[in-house]
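Work through the exercises below with the model open. Try each task before reading its solution.

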Amino acid sequence: MWTGASPRSSARPASPFRRAVAHPAIKNVDVHLTQPGGSRLIVVKVQTDVDGLYGLGCATFTQRHRAVESALRSHIGPLVIGRDVHQIEDIWQTSMVNGYWRNGPVLNNAISGVDMALWDIKGKLAGMPCYELWGGKCRPAAAVYTHADGRDENEVVANARRFMDQGYRFIRCQIGGYAGGAARTPPDDALPGDYFAPREKLHRIPKLFEHLRHELGEEVELLHDVHERLAPIDAVWLAKALEPYRLFFLEDILAPEDIEWFTQVRAVCATPLAMGELFNHPREITPLVAQRLIDFIRVHPSQLGGVTPCLKLANVCAAFGVRTAWHGPGDVSPVGMAANIHMDVACHNFGIQEWATRSALEYDMFPGFAQVRDGYVYPNDQPGWGIDFDAALAARYPCDEENPEWTVSRLPDGTLARP
Ligand code: MG
């Protein structure tokens, strides 16, 4: 029976395994689907042949949760059972190519669930938090940004002030959600959808940031997410128009399909750029990094295949002066957020961490989950991720099975647009 301390206790225990059990094997890969809030979460629990020793990983692809579940139950789980838990790199590489066709959000999230769980186990076996395995802390905590929205400029200011009063120094400001422009009446016979008018962003967003700087002053750091909702040339125009307001970064100004346009954005302004939540493979993003066309890497770690590829990507970014800003909205599980926070404190080229306020239920379901204090999130000092999972509680909150509606976005004339 493993006798390591739970994430709730404060003393760091000595590992009981270093001599007794050198190489535990994976005994089972449990897949848990739960929906404690708006997002469907997928938590993987890798059980070992040592009683009580397990690891937790995030495999959350909230819009295609059943596909990831199937990939884990039918393919990745059976592939890794029996493997030595220490061989994280080989298990990751084997999982990626075993089906011959590789890469993609479903497979990568399934691989991530196992990958993160194995790092958790390795930390528990070492008696160390994962950040200690990667060289130790570069900082005691990670600065976070949060999201202030509003229907008009004054509501955005009020919401931003509310977060500033709580100690947040970095705030992403949106107006009307990601649309940033009111819907207009579509033509007759237009199909249903989430209608938005992208060109309205071009006058509305610069005005918003002029107002925010006037009302909130120069000290607070402001961010904005375009959510790839502009035509490329309009994206170039917006980045230039926002330059006077000194954003911390402008996020996803272009879609992955249009990344060649980053050269044009760079040519006209020095607005810092963050990119990457839709990428599936580090090789998709390394050209942007190597040509110094972006400033922050913003990938969704489980979408990339877990911590193993993200640590490598972070090191590549460090060589080119690009900082990390791992994706951290509500559809990253608290286990995935724990992995983000451990990378945040251990990577020298950390930039900022996205943070979404979590419910009391999520804190009950994931004991040990980090809290934000005065704009910083702190990892605890327990072995592994320092977080646990109450599977019985999670089972009481099953996932809804509806296809998402917000991703059916449409332009004013009824054309389907990228969400
Ligand atoms: Mg985004």
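Four exercises follow, from the whole chain down to single residues. The model is predicted: local features need pLDDT of at least 70, side-chain atom pairs count only at pLDDT 80 or more, and totals for chains, interfaces and linings use all residues. Residues are numbered from 1 along each chain as its sequence is written.

**Exercise 1. The whole chain**

Compare the radius of gyration of the chain with that of a compact globule.

Step 1. The rule is 2.2 Å times the number of residues to the power 0.38, with the radius taken over C-alpha atoms.
Step 2. For 419 residues it gives a value near 22 Å; the chain has 22 Å, so the two agree.
Step 3. Add the box: the C-alpha atoms fill roughly 65 × 45 × 40 Å along the principal axes.
Step 4. Count elements. There are 14 helices and 16 strands. These are DSSP runs, numbered from the N terminus: helices are H or I with at least four residues, strands are E with at least two.

**Exercise 2. Helix H11**

Check the span of helix H11 against its number of residues.

Step 1. The expected span is 1.5 Å times one less than the number of residues.
Step 2. H11 covers residues 307–319, 13 residues, so 18 Å is expected.
Step 3. Its end C-alpha atoms are 19 Å apart, which agrees.
Step 4. Just after H11, glycine 321 has a positive phi of about 75°.

**Exercise 3. A helix pair**

Classify the crossing of H5 and H6.

Step 1. Fit lines to the C-alpha atoms over the stretch in contact; angles run from 0 to 180 degrees between N-to-C directions.
Step 2. The axes of H5 (residues 153–165) and H6 (residues 201–216) come within 10 Å and cross at roughly 45°.
Step 3. Under 35 degrees is roughly parallel, over 145 roughly antiparallel, 65 to 115 roughly perpendicular, and the rest oblique. H5 and H6 are therefore oblique.
Step 4. Find the contact (C-beta atoms, placed from the backbone, within 7 Å). Residues making it include Val156 and Ala160 of H5, and Leu208 and Leu212 of H6.

**Exercise 4. Two positive phi values**

Is glutamate 228 buried or exposed? Is aspartate 374 buried or exposed?

Step 1. Buried means 20 or more other C-beta atoms within 10 Å, exposed 12 or fewer, partly exposed in between; C-beta atoms are placed from the backbone.
Step 2. Glutamate 228 lies in the loop between S7 (221–225) and H7 (232–242), with phi near 50°. It has 22 C-beta neighbours inside 10 Å, so it counts as buried.
Step 3. Aspartate 374 lies in the loop between S13 (372–373) and S14 (376–377), with phi near 55°. Aspartate 374 has 9 other C-beta atoms within 10 Å, so it is exposed.

Note on methods:
Contact = placed C-beta atoms within 7 Å.
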